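Notebook open, structure loaded. I'll jot down what I look up as I go.

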Amino acid sequence: MELLKSFELLTNYLKKNALLYLTAVILIILSNVDQALLPQILGKVTDGLKERSIGREDIIRYSLILLGIAVSYGVLFGLGQFTIMRLGRRFEFLTRGQIFAQFSRLSEDFFSKQGTGKLLSYVMNDVTSVREAISFGVTQTTNAVFMVISCVVMMLVTGIPVTLILVSVCPLVAIPFLVIYFGPRIRNRSMDVQEGLATMTESADEQIGGIRVTKTFAIEETAQRRFDETVDGVRSAQLHLVRMSSLFQALLPFLGALSLVVSLLVGGYMTIQGRMTLGSFVALTFYLRMLTGPLQQIGNVINMMQRSGASLERVNRLLARVPSVRDKDDASDLARIGDIAVDNLTFSYPGTSEQALKDVSFTIPEGRTVGLIGRTGSGKSTLAKLLLRIYEPPAGSIKVNGQDITRVTLESLRRKIGYVPQDGFLFSTDIADNIAFSDRSASIEQIREAAAQALLLESVNSFEAGFETRLGERGLTLSGGQRQRASLARGLMKKPELLILDDSMSAVDAMTESGILGNLIRERSGKSTLIIAHRISSVQHADEIIVLDQGRIVQRGSHEELMACPDEPYASLYRIQQEGLQHA
Ligand SMILES: Nc1ncnc2c1ncn2[C@@H]1O[C@H](COP(=O)(O)OP(=O)(O)OP(=O)(O)O)[C@@H](O)[C@H]1O
């Protein structure tokens, strides 16, 4: 059942395109039948030549027939193969799209456990491996099976005795088994060689890069020995591979030759005895030659199916994953953010026993600014992630505009919130595109305004291409502070009902921070804002400041109220930060 389910992705696609596949398979079958006529005709010509019963015209006729067979084979097989390859590529395209869509649906907990390399390998290697199986798999299986059948039928039709066919084909039957045995072993060894080469390159790169250190420490001999070891590793892996593949390469023609030896021994004897014609004997040798390829293909297909079966299962498992955070069946759209009430919120990350938040209660009244401060690991970002439902909070623990956050649609909730993380990811497009991320139709004036509020305008103006400056690998690298401000402009551009700044000003200097905060107070008046920070200067203007420690609220109040308690954490933190500033 599990196995059947893992093939669902493929069977669904095959079913949907059954007609095209059928046409392609028929084309390939016809091409095989066509080709199987060849030896029979050559046999006839041989007999005719021996009996001197055919003349010059017959030879031309037979030549034309052979040409016709060659051309029609090319057309039939080519069309069949093209159709199947095209279907394979389409499968690849659709599946990659499906995987990408699934990545967009899946929740943070999935991504936090997987490296980028593994995720990319789904999109690249696994899909390609399945596509190869359905393209080459279908063509080669059809080709091989029908070529074998056609050859056997034609041998019988040509009048070759059954016993002779059986004994001559016997050695060839071992070919698929040989391929099944050697295929994976050769593959494993060639992977060893690849790995060895990668290690050798890495080692050479490191030794050359670190050559100055090596010289200063006078350890050239050790470095040489280390590199020699990796080279030796590659050499022995290559020898292993060559040994295995040479044996395989030698055995294949040997089996072909063995089959000819048997056919000559038995068939030659039968021809002398007059139990079959010379033409049939010649045809037999051709048929035996024609059988080697398809039999090898059968082995290849079996190996390929085994490899791609694992890939198919991985892709299927990925597509079947249900996102841990998703819309409930009865989810309704959130009309507006309104008041946000966090009530007795206790939360542990999935798979952990530690509580990241313990019994947290507070409100962000509509239009107010709340500051959240605390040491690293105190749970500040966790709270932001729960407000955005990046992770699912316990039902009823967070209410927005009176509605339980877990019962509203994700889209309507996230559309109303602007989240600016500490290290906002910038895409390798231009600056304008990165700022207008939430609204691609935004005008340059709107983009400029957001950049001005984030105090990024001066930096942008200093770039030659201004807002059209490209970022990323092929473009400009922004400084940490510029990157943060670009990310902040992106959040401001959205003009969200709730703006969450999660340590979004940690990389800008105190002067710039104070300028941005001034803009923020002006721009966000009447709109809710949650400022998460380490620095008191970032939150001191907030209507209420909440101090978190180890997941618990330890203090709350306005800056003045909190400063009135000199022995409590907030005032101590203030003193430490002031001292730091004076030393700086
Ligand atoms: N994805 C996760 N899976 C498991 N535990 C996590 C995850 N993210 C954070 N935690 C844990 O939750 C606790 C709170 O982390 P959080 O990121 O909320 O702290 P923070 O106050 O924002 O810290 P910082 O100021 O350094 O950003 C930490 O103990 C952290 O190890």
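**Asp503.** Is Asp503 buried or exposed? I counted neighbours: Asp503 has 22 other C-beta atoms within 10 Å, so it is buried. The cut-off for that word is 20 or more. A reminder to myself before I go on: this is a predicted model. Asp503 sits in the loop between β7 and α17. Its phi is positive, about 55°, even though Asp503 is not a glycine.

**Arg52, to compare.** I went looking for another positive phi and picked Arg52. Its phi is near 55°, and Arg52 isn't a glycine either. I found Arg52 in the loop between α3 (18-50) and α4 (56-105). Where does Arg52 fall, buried or exposed? It has 7 other C-beta atoms within 10 Å, so I wrote down "exposed". The limit for exposed is 12 or fewer.

**Domains.** Next I looked up how the protein chain is divided. The domain assignment gives domain 1 as 2-320, domain 2 as 330-416 + 497-511 + 525-557, and domain 3 as 424-495. I noted that domain 2 is listed in pieces. How many Å separate the centres of domain 1 and domain 3? Taken over C-alpha atoms, the centres of domain 1 and domain 3 are 52 Å apart.

**What the UniProt record says.** I checked the unreviewed UniProt entry, which puts "domain: ABC transmembrane type-1" at residues 22-307. In the model, residues 22-307 are 93% helix and 0% strand. The end C-alpha atoms of that span lie 25 Å apart. The unreviewed entry also carries the annotation "transmembrane region" for residues 59-80, 133-156, 162-182 and 250-272. I looked at two of these stretches. Residues 162-182 are 100% helix and 0% strand, with end C-alpha atoms 31 Å apart. Residues 250-272 come out as 100% helix and 0% strand too, and there the end C-alpha atoms are 32 Å apart.

**Ala133.** One of the annotated stretches, 133-156, begins at this residue number, so I clicked on it. Ala133 is in helix α6 (residues 116-157). With 22 other C-beta atoms within 10 Å, Ala133 is buried. What does Ala133 touch, leaving out residues up to four places away in sequence? My list reads Met304, Met305 and Ser308. I also tried a distance: the C-alpha atoms of Ala133 and Ile60 are 43 Å apart, with their places 73 residues apart along the chain.

**The ligand.** Which residues are closest to the ligand? There are 13 residues around it, and the closest are Tyr349, Thr376, Lys380, Ser381 and Thr382. I sorted the shell by type and got 2 nonpolar, 9 polar and 2 charged residues. Helix α11 (residues 380-387) gives the most to this shell, with 3 residues.

**Helix α11.** That sent me to α11 itself. Of its 8 residues, 7 are buried, so α11 is largely enclosed by the rest of the structure. The buried ones are Lys380, Thr382, Leu383, Ala384, Lys385, Leu386 and Leu387. Just after α11 comes Arg389, with a positive phi of about 55°.

**Val370.** I moved to strand β3 (residues 369-374), which holds Val370. Val370 has 22 other C-beta atoms within 10 Å, so I marked it as buried. Leaving out residues up to four places away in sequence, Val370 touches Ile364, Leu530, Ala542, Asp543, Glu544 and Ile546. Its C-alpha atom is 17 Å from that of Lys495, which is 125 residues away along the chain.

**Helix α16.** Lys495 turned up again here: it follows α16 and has a positive phi, near 45°. Why do I trust the length of α16? At 1.5 Å a residue, its 14 residues (480-493) should span 20 Å, and the end C-alpha atoms are 20 Å apart, so the two agree. I then checked burial: 11 of the 14 residues of α16 are buried, so this helix is largely enclosed by the rest of the structure. Among them are Gln482, Arg485, Leu488 and Met493. What do the buried residues of α16 pack against? I wrote down β6 (417-420), α13 (431-435), α14 (444-453), α15 (457-462), β7 (498-502) and α17 (510-523).

Methods
Residues numbered from 1 in each chain as written. Predicted model: local features only at pLDDT ≥ 70, side-chain atom pairs only at ≥ 80, totals over all residues. Helix = DSSP H or I, 4+ residues; strand = E, 2+ residues; numbered from the N terminus. Expected span 1.5 Å × (residues − 1). Contact = placed C-beta atoms within 7 Å. Near = placed C-beta within 6 Å. Nonpolar A, V, L, I, M, F, W, Y, C, P; charged D, E, K, R; others polar. UniProt positions renumbered as here; feature names shortened; annotations may be inferred. Domains from an automatic or database assignment.
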